[in-house]
Amino acid sequence: MSQRHQVGKAIRSTLVLWVITSVIYPLFMLISGQVAFSDQANGSLIKNSQGVIIGSALIGQSFTSEKYFWGRPSTTNYSTADPKNDEDGILKTGVSGASNLAPSNPTLLERINGNEGEINRLKKAGIQPTADLVYTSGSSLDPHITPEGAKVQIARVAKARGVEPNQLETLISQSTDGRFLGIFGEPGVNVLKLNLSLDKIKI
């Protein structure tokens with residue numbers, strides 16, 4: 001078999017593999033995603049009653065009002081970053097991830113246990129601190145809190161809105177996502193979805 005034939009065969013094989021891996025396979029995945037998993041493929045976007053996109057079910061948002069349930073603290077608050085004063089480049093770079101501070105790091109301890117730390121902030125609001133309301137997640141974008149983390153906020157939200165606590169307990173149950181495939185992970189409450197349901201309650 002000639003060298004020219006071998007080279008031609010190698011070139012044809014390369015071209016075939018290139019078409020399969022760079023054109024056919026990505027196109028197949030794109031079409032499959034849009035047909036079978038359209039919501040997930042397009043960012044799991046959430047719209048309000050007017051049809052306006054207000055967030056994603058995959059990314060946590062910062063809530064500070066007494067009338068809403070609060071989510072996990074974050075090292076990256078996209079929703080509160082100021083476009084005019086974005087020194088850390090949060091909006092420009094899309095930074096996410098944990099702070100990587102060791103448990104003994106003074107900055108971390110101050111953020112958690114300091115006078116203006118997470119624990120004191122929660123206690124001042126009448127909330128019994130739970131781990132997920134005190135510590136950030138690995139991505140700092142976790143949209144979920146534990147059902148326990150939501151339930152300890154019922155008294156505060158019920159008082160601020162003038163609603164019955166049992167109404168909020170029902171909303172929490174309805175907004176709780178179960179384990180993936182029934183066995184992986186732990187149940188979690190999507191805070192954005194919970195607060196949207198909260199706004200629908202008629203006082």
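## Salt bridges, buried residues and a pocket in a predicted model

Asp142 is partly exposed, with a relative accessible area of 28%. The structure that holds this residue is a predicted model, and the values reported below were computed from its atoms. The side chain of Asp142 meets that of Arg72 in a salt bridge, with a distance from N to O of 3.4 Å. This pair ties together distant parts of the chain, since the two residues stand 70 residues apart: Asp142 belongs to the loop between helix 6 (131–134) and strand 3 (144–145), and Arg72 to the loop between strand 2 (53–56) and helix 3 (90–93). Arg72, with a relative accessible area of 24%, is likewise partly exposed.

Taken as a whole, the chain has 203 residues, of which 29% count as buried, and its secondary structure amounts to 10 helices and five strands. When contacts between residues at least 6 apart in sequence are examined, 53% of them are found to join residues at least 24 apart. The chain exposes an area of about 13500 Å², and 57% of this area is supplied by carbon and sulfur atoms.

The count of salt bridges in the model comes to six. Besides the pair already described, Arg161 forms a salt bridge with Asp199, in which the closest N and O atoms are 2.8 Å apart. Here again distant parts of the chain are linked, because Arg161 is in helix 8 (residues 154–161) and Asp199 is in helix 10 (residues 191–199), with their positions 38 residues apart in sequence. The two partners fall into separate classes of accessibility: Arg161 has a relative accessible area of 14% and is therefore buried, the limit being under 20%, while Asp199, with a value of 40%, is partly exposed.

A further salt bridge is formed by Arg179 and Glu186, whose closest N and O atoms are 2.9 Å apart. Arg179 is partly exposed, with a relative accessible area of 38%, whereas Glu186 counts as exposed because its relative accessibility is 59%, and the limit for that class is over 50%. Elsewhere, Arg111, Glu118 and Arg121 are joined into one network by salt bridges that share partners.

Arg179 and Glu186 also appear in the lining of the second largest pocket, together with His144, Asp177, Gly178, Phe180, Phe184, Gly185 and Gly188. The volume of this second largest pocket is about 150 Å³. Sorted by class, its lining consists of two nonpolar, four polar and three charged residues.

Gly188, one of the residues lining that pocket, is also touched by Ser175. Ser175 is located in the loop between helix 9 (165–174) and strand 4 (176–177), and with a relative accessibility of 9% it counts as buried. When residues up to four places away in sequence are not counted, Ser175 touches Val189, Asn190, Lys193, Leu194 and Ser197 in addition to Gly188.

Two leucines in helices were also examined. Leu122 lies in helix 5 (residues 118–124) and is buried, with a relative accessible area of 2%. With neighbours within four places in sequence left aside, its contacts are Trp70, Ile127, Pro129, Leu133 and Val134. Of these contacts, Trp70 is 52 residues from Leu122 in sequence, and the C-alpha atoms of the two residues are 9.9 Å apart in space. Leu108 is part of helix 4 (residues 106–113) and, at 12% relative accessibility, also counts as buried. Beyond its neighbours within four places in sequence, Leu108 is in contact with Leu101, Ala102 and Pro103. The C-alpha atom of Leu108 is separated by 9.6 Å from that of Tyr135, a residue 27 places apart from Leu108 along the chain.

Ile54, finally, has its place in strand 2 and counts as partly exposed, with a relative accessibility of 28%. Apart from residues up to four places away in sequence, Ile54 touches Ile46, Lys47, Asn48, Gln61, Leu192 and Leu196. One of these, Leu192, is 138 residues from Ile54 in sequence, although the distance in space from C-alpha to C-alpha is 9.3 Å.

Key: Residues numbered from 1 in each chain as written. Predicted model: local features only at pLDDT ≥ 70, side-chain atom pairs only at ≥ 80, totals over all residues. Heavy atoms only, no water. 1 Å grid on protein atoms, 1.4 Å probe; cavity = no way out; pocket = protein on both sides within 12 Å on 5 of 7 lines; lining within 4 Å. Points joined across faces, edges and corners; volume = space filled by probe spheres on them. Nonpolar A, V, L, I, M, F, W, Y, C, P; charged D, E, K, R; others polar. Helix = DSSP H or I, 4+ residues; strand = E, 2+ residues; numbered from the N terminus. Buried < 20%, exposed > 50% of the residue type's maximum accessible area, 1.4 Å probe, protein only. Contact = heavy atoms within 4.5 Å. Areas by Shrake-Rupley, 256 points an atom, 1.4 Å probe, with all protein chains shown as cover. Salt bridge = Lys/Arg side-chain N within 4 Å of Asp/Glu carboxyl O.
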